[in-house]
Amino acid sequence: MPCRTSHLGEEKNMAQTLTHKLIAAHLVSGQMIPGEEVALRIDQALLQDVLGTLVMLELEAMGVERVVTSPSVQYVDHALVQQDGLNAEAHLFLERACQRLGVIYSGPGNGISHPVHMEYFGRPGESLAGCDSHTPAAGALGMLALGAGGIEIAQAMAGEPLYITMPRVMGIYLEGALPDWVSARDVVLELLRRHGVAGATNCILEYHGPGLAALSVMDRHVIANMGTEMGATSSVFPADEAVRTFLKARGREADFRALSSDAGCRYDLTDHIDLAALEPMIARPSSPDNVVTVREAAGEPLYQAYIGSSGSPGFRDFAIAADIVRGQMVHPGVSLDINPSSRQVLATLAREGYLEALVSAGARLHQAGCNGCIGMGQAPAAGRNSLRTVPRNFPGRSGTLEDSVFLCSAETAAASALAGVITDPRMLGRPAPRIDEPSEMVVDPRMFVAPPEPDTQRPVMLATTHTPALPMLAPLSARIEAPVLLVVGDNISTDDIMPAGSRVLPLWSDVSASAAFTFEAVDKGYAQRAQKSQLGHIIVAGKNYGQGSSRENAALVPRYLGLEAVIAKSFARIHWQNLVSFGVLPLTLCDKNDHQRLVESASVTIEAPGEQLEQGENIKARLADGTAVMLQHQLSARQRAILKAGGVINWLKMKREEGAH
């Protein structure tokens with residue numbers, strides 16, 4: 001059952017995990033030793049729209065004429081609520097930018113980037129980088145799929161490697177088969193119950209064992225998608241007969257190649273799940289790891305049941321909900337919201353007769369996209385319980401500040417919608433529906449707009465009034481002397497830093513316009529204080545700062561407002577990288593007991609930060625009372641150079657200028 005990890009320096013023929021095979025196949029530089037920085041060649045790129053606008057502007061700032069990753073695909077799946085002209089203008093901007101830069105364009109209504117990309121472009125063995133933290137869902141196909149900030153994706157699209165900290169590999173051995181009324185969603189909720197929202201930080205989760213035989217590719221997508229909620233760098237499944245079946249149903253069997261770990265390999269960390277022993281699980285408000293069994297929450301009142309999103313995107317999840325409610329009527333006090341994940345899933349549901357069953361039972365049908373998962377529509381009433389199959393239930397993420405969101409399976413959501421209260425689906429008193437994905441899925445490549453051939457006459461300028469050019473960022477200060485402008489606790493998410501929803505999300509492409517909303521849910525006065533401060537400022541945080549979405553504007557906008565450093569107990573991986581990319585110094589405490597001293601200090605001074613970065617991992621700071629506190633960084637030489645330059649774009653320009661001389 002256990003497998004052995006092969007690091008550089010060991011025998012060449014040592015058995016390898018699939019993760020190490022994938023990384024080795026794409027390794028540009030660095031050693032595959034956990035904690036070391038490695039550079040990876042990226043084959044494919046995935047963009048979602050609200051961060052894709054920033055990526056396009058970053059490519060422009062870098063002087064990129066044409067991207068090199070293939071395919072590179074821009075999906076419009078977030079900003080779909082067209083309550084005014086802003087989102088429509090952004091869609092037009094993206095389509096024009098795609099034509100200019102050689103990117104495939106997937107317009108509004110085609111569906112969520114992750115499942116659609118797997119349907120049309122996913123190939124076992126290839127690497128994929130996306131400006132969305134749930135990009136690792138493609139690990140379900142045996143891909144090396146990595147989420148990152150948009151600035152890093154822009155670099156990859158320009159032909160630069162993607163840099164990550166070499167992760168440890170956690171082998172998760174699956175055996176048995178899921179019981180009736182239990183699904184893949186319950187598998188990943190059980191893992192969150194065990195490991196928490198930061199328990200897999202700097203790990204790749206690799207699934208293996210006989211239990212895989214009963215999990216379809218879209219079951220695996222559900223599990224890989226929410227590995228992100230444990231802080232994982234990615235998730236990896238073997239490319240086996242389930243993958244061949246998935247690709248064949250979409251007319252792409254020729255893209256299949258078998259991939260697996262070697263017999264007798266070994267993992268850095270291990271876990272074990274007997275699928276047969278699982279029962280329906282649910283995450284209570286307001287964290288994905290606040291997990292209990294559904295029977296423990298049963299009987300609590302219900303206002304909304306929401307099925308869909310990248311966390312539950314497969315045909316099966318919608319079809320099983322349809323079979324549960326078929327011939328019945330949703331409880332009059334409950335809104336059953338159906339959020340199709342893609343145009344092809346929606347068309348197949350209609351062809352197979354499942355859509356009619358949902359609509360006849362009183363379900364509300366919404367357009368294919370991210371929608372309510374990101375707070376773009378379907379916001380629940382304040383304080384009322386909403387059951388959702390989405391990946392996250394951070395406070396306010398639903399679009400309602402005082403929300404009460406539970407995370408569960410499609411089975412639990414549908415059963416509860418009928419009963420009017422949270423209900424264990426096993427209590428329906430009927431056999432569990434058996435759903436198999438059709439042998440042929442409705443697919444139509446005409447829904448994509450392919451870019452034209454390169455045109456040297458096409459204007460380079462992409463920026464518009466709605467998507468102004470990025471602000472210039474100054475190099476790292478020779479001396480940081482700044483007030484502590486904000487103190488926050490543990491598990492601050494990027495939703496807390498830069499909210500989404502229909503009010504703010506359309507403004508994400510405009511750094512200045514979105515700045516007023518920064519930290520709105522945590523401290524409404526932060527942005528105003530930051531704008532008044534002439535000295536720059538510092539944020540003091542607890543554990544796992546910046547968890548959740550990869551949205552880089554959660555780093556860029558505070559930097560625009562004068563943020564110079566964040567001092568935290570620990571950081572979430574992607575946000576830590578994003579801070580560096582925009583010239584913000586991320587520091588942790590050498591002595592965790594010093595945290596309270598920082599909280600109580602009015603200001604922090606760091607003498608010659610650039611020089612201290614080069615002298616070792618420790619950074620000496622002075623507090624307002626004149627006493628010293630020791631901090632540390634874990635930055636590579638490349639990251640230190642980026643910080644000193646004031647961010648990635650400045651650094652790349654400097655490299656090009658040096659090369660020209």
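Helix α1 (residues 18-26) lies across strands β9, β10 and β11 and runs at about 125 degrees to β10, where contact is taken as heavy atoms within 4.5 Å, axes are lines fitted to C-alpha atoms (for helices over the stretch in contact), and angles run from 0 to 180 degrees between N-to-C directions. Helices (H or I, at least four residues) and strands (E, at least two) are DSSP runs, numbered from the N terminus. The model is predicted, and local features need pLDDT of at least 70, side-chain atom pairs count only at pLDDT 80 or more, and totals for chains, interfaces and linings use all residues. Residues are numbered from 1 along each chain as its sequence is written, and side-chain values use heavy atoms, with hydrogens and water left out.

The strands beneath this description belong to an open sheet of four, in the order β11-β10-β9-β12, with parallel pairing; two strands pair if DSSP finds at least two bridges between them. Strands β11 (234-236) and β12 (269-274) stand at the edges with a single partner strand each, so one side of each is left without a neighbour in the sheet. From one strand to the next, the twist averages 20 degrees. Strand β9 (residues 168-175) and strand β10 (residues 203-208) run parallel and are joined by six bridges; Met170 has Leu205 of β10 as its bridge partner, and Val169 stands opposite Ile204 in β10. Helix α6 (residues 184-195) lies across β9, β10 and β12, at about 130 degrees to β12.

Six of the six residues of β10 are buried, so this strand is largely enclosed by the rest of the structure; buried means under 20% relative accessible area, against over 50% for exposed and partly exposed in between (1.4 Å probe, protein chains only). Cys203, Leu205 and Tyr207 point one way from β10, whereas Ile204, Glu206 and His208 point the other way. Helix α4 (residues 113-120) is likewise largely enclosed, because eight of its eight residues are buried, among them His114, His117 and Glu119.

Helix α10 (residues 315-325) packs with helix α13 (residues 410-419) at an angle of about 25 degrees, their axes 9 Å apart. That makes α10 roughly parallel to α13, since angles under 35 degrees count as roughly parallel, over 145 as roughly antiparallel, 65 to 115 as roughly perpendicular and the rest as oblique. In this contact, Arg316, Asp317, Ile320, Ala321, Ile324 and Val325 of α10 meet Ala410, Glu411, Ala414, Ala415 and Leu418 of α13. The contact residues divide into eight nonpolar, no polar and three charged, where Ala, Val, Leu, Ile, Met, Phe, Trp, Tyr, Cys and Pro count as nonpolar, Asp, Glu, Lys and Arg as charged, and the others, Gly among them, as polar.
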